[in-house]
Amino acid sequence: MATEDKGGGTRTARGPVGTVTLVFTDIEGSTQLLQTLGARYADLLVDHHRLLGTAFREHDGTEQGTAGDGLYFTFPSARAAVSAAIAAQRSLVGHSWPDERPVRVRMGIHTGEPASHGIGYIGLDVHRAARIASVGHGGQILISRTTYDLIAGELPTDVSLTDLGEHRLKDLVGAQHLFQVTATGLPSAFPPVRTVDAQPGNLPRQLTTFVGRERELAEGGRIAEAAPLLTLTGPGGVGKTRLALRLANDAAPGFVDGAWLVELGVVSDPDGVPQAVASALGIVEQPGRPLMASILEHLRAREALLVLDNCEHLLRACAELAHSILRECPGVRILATSQEPLAIAGEALLPVPSLSLPDAGTLDVDRLLACEAVRLFRERAQMVLPTFEIDTHNAGPVVHIVRRLDGIPLALELAAARLRSLSADQIAARLDDRFRLLTGGSRVAVARHQTLRAAMDWSYELLADDERALLRRVSVFHGGFALEAAETVAAGELVDEADV
């Protein structure tokens with residue numbers, strides 16, 4: 001049954017109809033509060049719901065639902081909704097919270113004409129209000145342009161509106177003009193809103209195409225959602241870093257505090273690992289305070305993804321750092337790349353294989369391009385020789401190249417770069433001396449990625465003496481070997497049979 005509301009419109013038992021102002025709220029850092037308070041978090045939520053519910057209902061708001069620590073109310077007028085939000089924020093500021101940990105709530109407000117059904121309001125206006133709330137910070141009230149136009153000329157003297165400009169919000173077409181409500185007694189200084197345009201982080205822009213890896217992307221994405229630490233393992237040059245960056249880019253929107261790359265390939269001292277992390281995150285070292293303490297304080301209440309790239313030469317330092325962060329920062333996940341696991345609690349492993357290869361003797365172009373190694377070789381070849389295409393004339397040499405190089409991306413890219421001066425036939429014929437041939441990588445790449453020999457030397461130098469002895473001895477096998485055969489051949493000086 002419809003009734004007349006105070007603004008002259010109509011409303012039902014489920015709220016106003018026609019033009020409606022929607023308010024969504026959400027507690028910032030709720031995961032950290034839950035971890036800290038434990039069972040007492042339930043009492044905090046009761047107080048939170050009571051304070052907000054009282055303020056909203058006093059301004060003619062109707063509760064539409066709750067979702068964990070968030071509330072959803074509707075109001076018959078924009079003015080009532082904004083006044084309710086201000087009153088609610090003031091009640092939160094004035095409340096005494098457990099352990100003196102203030103509860104900071106972000107609020108989003110939008111006015112529209114959502115359709116009203118038995119299940120509640122539906123339509124794009126509902127999603128727009130929710131998205132506006134999601135990009136704010138604790139204590140901040142954000143409103144849409146529509147709401148702004150309705151209240152701008154009728155503000156109390158202690159309330160003002162700050163123009164934050166236009167921003168793209170997740171899943172919404174077109175930019176949304178946002179404004180911040182500022183009122184006496186409430187915080188007014190906040191970081192930039194967390195919109196698509198302002199996604200925090202330092203992941204580098206990738207300047208070349210990403211080829212293949214559909215299985216690894218799917219598997220890595222699934223594991224990363226469940227495991228606090230995912231380590232991509234594999235030999236040098238197999239593409240661990242590139243896969244990690246693609247996974248991080250895909251996952252970044254799910255971390256409100258962004259995804260951050262820590263490049264460890266140029267770090268030689270274990271003590272430099274915390275410094276590399278601090279530098280990537282923009283943390284300034286404080287005199288007289290351990291740097292690790294500053295890192296943990298910075299990350300403790302954040303939801304972020306850290307990418308620790310090239311850990312293999314700093315395994316213990318990386319393991320200790322990752323363990324400390326994961327133990328004390330519940331909103332942080334880590335994605336690492338290493339030739340060996342970090343071997344700490346919570347670590348999941350994803351071995352990164354070489355790219356898929358064609359069968360020997362395959363000459364059908366369509367079948368060849370279905371193989372990841374062939375597609376990568378073609379795309380990198382076209383960067384140095386735009387007219388390059390795989391056809392019946394060069395299919396044989398290309399198959400020979402990708403198979404002799406075992407589908408290793410670094411080796412394929414170095415081989416493709418030689419097409420500046422050699423044909424595919426000439427490259428294939430020179431692969432018996434591949435260390436001399438495969439040079440001339442990117443001048444800005446780390447030294448071990450500029451030549452194939454440097455990549456292999458880097459990996460070999462990381463081995464202990466007994467591991468080097470084992471590698472030399474099993475190199476007599478071709479195409480793999482069984483454990484019993486390796487024990488027979490490799491056991492001896494430096495290597496006990498039980499350690500093979």
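Helices and strands here are DSSP runs, numbered from the N terminus, and contact between them means heavy atoms within 4.5 Å. With that in hand, the predicted model can be walked through starting from its sheet. Helix α4, residues 124-134, lies across β4, β6, β7, β10 and β12, and it runs at about 150° to β7.

The sheet itself is open and built from seven strands, lined up as β5-β6-β4-β7-β10-β12-β11, with mixed pairing. β5 (62-67) and β11 (159-168) sit at the edges with a single partner strand each, so one side of each has no neighbour in the sheet. From one strand to the next, the twist averages 20°. A second helix, α3 (residues 78-94), also packs on this sheet. Helix α3 touches β4 (20-27), β6 (70-75), β7 (105-112), β10 (141-144), β11 and β12, and its direction makes about 175° with that of β7.

Strands of a sheet pair through backbone hydrogen bonds, in either the parallel or the antiparallel sense. Both kinds turn up around β10. On one side, β10 runs parallel to β7, joined by three bridges, and Ile-109 stands opposite Ile-143 of β10. On the other, β10 pairs with β12 in the antiparallel sense, again over three bridges, and here Ile-143 stands opposite Phe-179. Further out, β12 (residues 175-183) and β11 are antiparallel partners over nine bridges, with Leu-161 facing Val-181 of β12.

In a regular strand, side chains alternate between the two faces of the sheet. In β10, Ile-141 and Ile-143 point one way while Leu-142 and Ser-144 point the other, and all of them are buried.

What about empty space inside? The count comes to two cavities of 30 Å³ or more. The largest has a volume of about 50 Å³, and its lining consists of Arg-79, Val-82, Ser-83, Ile-86, Ile-151, Glu-154, Leu-155, Pro-156 and Val-159. Helix α3 supplies the largest share of that lining, with four residues. By class, the lining of this largest cavity splits into six nonpolar, one polar and two charged residues.

The second largest cavity comes in at about 40 Å³. Its lining is made up of Gly-139, Gln-140, Ile-141, Gln-180, Val-181, Thr-182, Ala-183, Leu-186, Pro-187 and Phe-190. Strand β12 gives the most here, again four residues. Six of the lining residues of this second largest cavity are nonpolar and four are polar, with no charged ones. Two names in that lining have already come up: Ile-141, one of the buried residues of β10, and Val-181, the residue opposite Leu-161.

Methods. Residues numbered from 1 in each chain as written. Predicted model: local features only at pLDDT ≥ 70, side-chain atom pairs only at ≥ 80, totals over all residues. Heavy atoms only, no water. Pairing = 2+ DSSP bridges. Axes fitted to C-alpha atoms, helices over the stretch in contact; angles between N-to-C directions. Buried < 20%, exposed > 50% of the residue type's maximum accessible area, 1.4 Å probe, protein only. 1 Å grid on protein atoms, 1.4 Å probe; cavity = no way out; pocket = protein on both sides within 12 Å on 5 of 7 lines; lining within 4 Å. Points joined across faces, edges and corners; volume = space filled by probe spheres on them. Nonpolar A, V, L, I, M, F, W, Y, C, P; charged D, E, K, R; others polar.
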